[in-house]
Amino acid sequence: MVWIIILLIITLCVFLPGMWVKHVMEKYAQPADRYRKQGSGGELARHLLDSYGLGDVQVEETSDGDHYDPTAKAVRLTPKNYSGYSLTAVTVAAHEVGHAIQDSRGESLFLARQNLVKAAMVGERLAGIMLVAAPLILLLTRLPQAGALTIVIGIVSMALSTLVHLITLPVEFDASYGKALPLLEKGEYLHDGDLKHAEKILKAAALTYVAASLTSLLNLGRWIAVLRR
């Protein structure tokens with residue numbers, strides 16, 4: 001019974017943030033034409049980028065989720081936010097512009113995350129290979145130390161992904177509260193009374209990575225527990 005309760009608590013910790021984010025985004029996606037006179041999410045992103053002298057950063061529509069691509073120098077928004085006129089659309093656009101501003105200023109945490117992302121991609125591939133290879137190496141060498149070493153290498157590689165997620169959180173909160181919120185407030189882009197709701201959307205945008213962080217930590221803990229047996 002205790003383990004069932006622990007499992008339920010862990011499951012809730014992993015899935016509740018994602019469910020709350022989805023709820024907030026969908027809630028403020030209506031009314032869909034609230035900012036039709038002011039412009040769509042894509043148009044606001046273009047305006048904000050230009051106002052910060054970031055004319056070289058493109059604004060593009062994507063089906064791969066709202067994000068800023070520092071390699072291509074592009075703010076990418078999903079169709080609903082790129083062409084949409086809802087509070088969610090313009091607020092999410094401001095959040096992604098916040099990342100472009102971080103990049104243009106060469107902010108340390110943003111750059112650290114980008115470097116770790118590259119390392120984590122290599123690490124994840126290595127982790128997968130090592131964890132699959134461990135039983136084979138143990139069988140061929142018949143040395144328990146060899147199998148354990150292989151698993152340790154895999155876990156260390158996997159830990160890079162966890163580290164990326166942990167560094168991502170302050171980067172996301174800064175994009176929301178350090179960049180996007182002041183932009184929307186000082187520019188007076190929102191209707192009266194919408195700022196407090198925009199704050200919820202910005203919190204949701206930042207918390208998008210919380211579930212991923214928790215899942216990554218749980219996976220890392222699971223493999224460490226296996227190694228200790």
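Questions on a three-stranded sheet, its helices and two ring pairs

Colleague: How many bridges join strand 2 to strand 3?

Modeller: In this predicted model, strand 2 and strand 3 run antiparallel. D69 stands opposite A74 in strand 3. The bridges that join strand 2 to strand 3 number 3.

Colleague: Which residue in the hairpin of strand 2 and strand 3 takes a positive phi?

Modeller: The hairpin has 4 residues between its strands. A positive phi, near 55°, is taken there by K73.

Colleague: Do strand 1 and strand 3 run parallel or antiparallel?

Modeller: Strand 1 covers residues 58-61 and is joined to strand 3 by 4 bridges. Within strand 1, V59 stands opposite V75 of strand 3. The direction of strand 1 and strand 3 is parallel.

Colleague: Which strands stand at the edges of the sheet?

Modeller: The sheet is open, has 3 strands and shows mixed pairing, with the order 1-3-2. An edge strand here has a single partner strand, so one of its sides is left without a neighbour in the sheet. The strands in that position are strand 1 and strand 2.

Colleague: Are the residues on both faces of strand 3 buried or exposed?

Modeller: In a regular strand, side chains alternate between the two faces of the sheet. In strand 3 (residues 74-77), A74 and R76 are on one side, and V75 and L77 on the other. Both faces are covered, and these four residues are all buried.

Colleague: Which strands does helix 4 touch where it packs on the sheet?

Modeller: The sheet has the strand order 1-3-2, and its twist averages 25° from one strand to the next. Helix 2 packs on it and touches strand 1 and strand 3, with its direction at about 165° to that of strand 1. Helix 4 also packs on the sheet, its direction making about 160° with that of strand 3. The strands helix 4 touches are strand 2 and strand 3.

Colleague: How many charged residues are in the contact of helix 2 with helix 4?

Modeller: Helix 2 (residues 41-51) and helix 4 (residues 87-104) pack at about 35°, with their axes 8 Å apart, in a right-handed crossing. Helix 2 contributes G41, L44, A45, L48 and L49, while helix 4 contributes A89, V90, A93, A94, V97 and A100. By class there are 10 nonpolar residues and 1 polar, and the count of charged residues is none.

Colleague: How many residues apart in sequence are the parts that the pair of Y68 and F110 ties together?

Modeller: Y68 and F110 form one of the 2 aromatic pairs in the structure. The pair is tilted, at 6.3 Å centre to centre and 45° between the planes, and both Y68 and F110 are buried. Y68 lies in strand 2 (residues 67-69) and F110 in helix 5 (residues 108-141), so the parts tied together are apart in sequence by 42 residues.

Colleague: Why do the rings of F173 and Y177 count as a stacked pair?

Modeller: F173 and Y177 both lie in helix 6 (residues 144-187), 4 residues apart, about one turn of the helix. F173 is partly exposed, with a relative accessible area of 31%, and Y177 is partly exposed as well, at 29%. Planes under 30 degrees apart count as stacked. The ring centres are 6.3 Å apart, and the pair is stacked because its planes are at 15°.

Notes:
Residues are numbered from 1 along each chain as its sequence is written. This is a predicted model: local features need pLDDT of at least 70, side-chain atom pairs count only at pLDDT 80 or more; totals for chains, interfaces and linings use all residues. Side-chain values use heavy atoms; hydrogens and water are left out. Axes are lines fitted to C-alpha atoms, for helices over the stretch in contact, and angles run from 0 to 180 degrees between N-to-C directions. A crossing is left-handed if the near helix is turned anticlockwise from the far one by less than a right angle, and right-handed if clockwise. Contact means heavy atoms within 4.5 Å. Ala, Val, Leu, Ile, Met, Phe, Trp, Tyr, Cys and Pro count as nonpolar, Asp, Glu, Lys and Arg as charged, and the others, Gly among them, as polar. Rings of Phe, Tyr and Trp (its six-membered ring) pair if their centres lie within 6.5 Å; planes under 30 degrees apart count as stacked, over 60 as edge-to-face and the rest as tilted. Buried means under 20% relative accessible area, exposed over 50%, partly exposed in between (1.4 Å probe, protein chains only). Two strands pair if DSSP finds at least two bridges between them.
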